[in-house]
Amino acid sequence: MNLASTIVSVAIMGASAPSMMQMSIAPYEAQLKAKNLGIAETAAVVFASTYEGTLDIPVDTETCTSEAREGTANAYSVTCTHGTDRYVQSVTRAFRLAVPDTDLDNGDGATTSREYAYETPTRFSGLSCPYYDEWGTNGYNDQYYSILNGACIPIPVWTQTAYQFSSPDAWLYDVNNYNGWGTHPDY
């Protein structure tokens, strides 16, 4: 091997070594970030499911902080963080507490003169009622209430628009001011 070929091979190795080093550490960094994201996600899901549908005010933990969502009754968001330095990952999830019994009538604790065929459920799950049982009163809630951690959401209150265009005379139970949307115009 002569001197010229040695210089050329050293120059090539020196120029390629830094990029090879970056390429070899990138999968490890991605793995750390993914691991930390998974841990943060798990913590957020566990935190939200612990308080979802209960009347307990969320208590912050070492890795998770919660705060009330602005403009919504009984709704909170939780942000969980895991990792150190540039590998820190954060996840935010939203959840809703149960509506206190005093607010079930029409949102302000006052009773109404309306009478409905069924009693308003104490809490609602995050799932909508199926089309074959629009209010969950034909057995759906009886079968799935404990599994879903609450009653299904009736079709007339799936969206605020559906709520506004529904008729309180056709409701099977009182859903006035559902989701903090205010008193129904025809209530």
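## Tyr163 and its surroundings

The side chain of Y163 reaches out to the backbone oxygen of G182, at 2.7 Å. This is a predicted model, so every distance here is best read as a property of the prediction. Y163 itself sits in helix 3, and with a relative accessible area of 0% it is buried, because anything under 20% falls in that class.

Who surrounds this tyrosine? Setting aside neighbours within four places in sequence, Y163 is in contact with P156 and V157, and also with W171, V175, N176, N177 and Y178. The list continues with W181, G182, T183 and H184, and G182 is the residue whose backbone oxygen the tyrosine side chain reaches. For a sense of scale along the chain, Y163 and P185 are 22 residues apart in sequence, while their C-alpha atoms lie 9.9 Å apart in space.

## A buried aspartate without a salt bridge

Let's move on to D174, found in the segment after helix 3, the helix that spans 160-165. Is this aspartate buried or exposed, and which side chain of opposite charge is nearest? D174 is buried, and R114 is the nearest side chain of opposite charge, 6.9 Å away. No salt bridge is formed by D174, because a salt bridge needs the charged atoms within 4 Å. The aspartate side chain does have a polar partner in the backbone: it reaches the nitrogen of N176 at 3.0 Å. N176 also appears among the contacts of Y163.

E119 makes a nice counterpoint. It is placed in the loop between strand 3 (89-96) and strand 4 (124-128), and at 73% relative accessibility it counts as exposed. E119 and D174 are 55 residues apart along the chain, yet a separation of 7.6 Å is all that lies between their C-alpha atoms.

## Two disulfides

How many disulfides does the structure hold? There are two, and with the bonded cysteines numbered in sequence order, the pairing reads 1-2, 3-4.

One of them joins C64 to C80, with an S to S distance of 2.0 Å. This pair links distant parts of the chain: C64 belongs to strand 1 (residues 64-68) and C80 to strand 2 (residues 75-82), 16 residues apart. The torsion about the S-S bond is about 110°, so this disulfide is right-handed. Both ends are tucked away from solvent by the numbers: C64 is buried with a relative accessible area of 2%, and C80 counts as buried at 0%.

The other disulfide is formed by C129 and C152, whose sulfur atoms are 2.0 Å apart. C129 lies in the loop between strand 4 and helix 2 (140-148) and C152 in strand 5 (residues 151-153), so the link ties together parts that are 23 residues apart in sequence. With 85° about the S-S bond, the C129 and C152 link is right-handed. C129 is buried, and so is C152.

## Ser77 in strand 2

Our last stop is S77, which lies in strand 2, the strand that also holds C80. At 8% relative accessibility, S77 counts as buried.

Which residues does S77 touch beyond its neighbours within four places in sequence? Its contacts are T65, S66, E67, R69, T92, R93, A94 and F95. Among them, T65, S66 and E67 fall within the 64-68 range of strand 1, and T92, R93, A94 and F95 fall within the 89-96 range of strand 3.

How values were computed: Residues are numbered from 1 along each chain as its sequence is written. This is a predicted model: local features need pLDDT of at least 70, side-chain atom pairs count only at pLDDT 80 or more; totals for chains, interfaces and linings use all residues. Side-chain values use heavy atoms; hydrogens and water are left out. Helices (H or I, at least four residues) and strands (E, at least two) are DSSP runs, numbered from the N terminus. Buried means under 20% relative accessible area, exposed over 50%, partly exposed in between (1.4 Å probe, protein chains only). Lys and Arg count as positive and Asp and Glu as negative; His and the chain ends are not counted. A polar contact is a pair of N or O atoms within 3.5 Å; within protein, one must be able to donate a hydrogen and the other to accept it, and residues adjacent in sequence count only if both atoms are side-chain atoms. A disulfide is a pair of cysteine sulfur atoms within 2.5 Å. Contact means heavy atoms within 4.5 Å.
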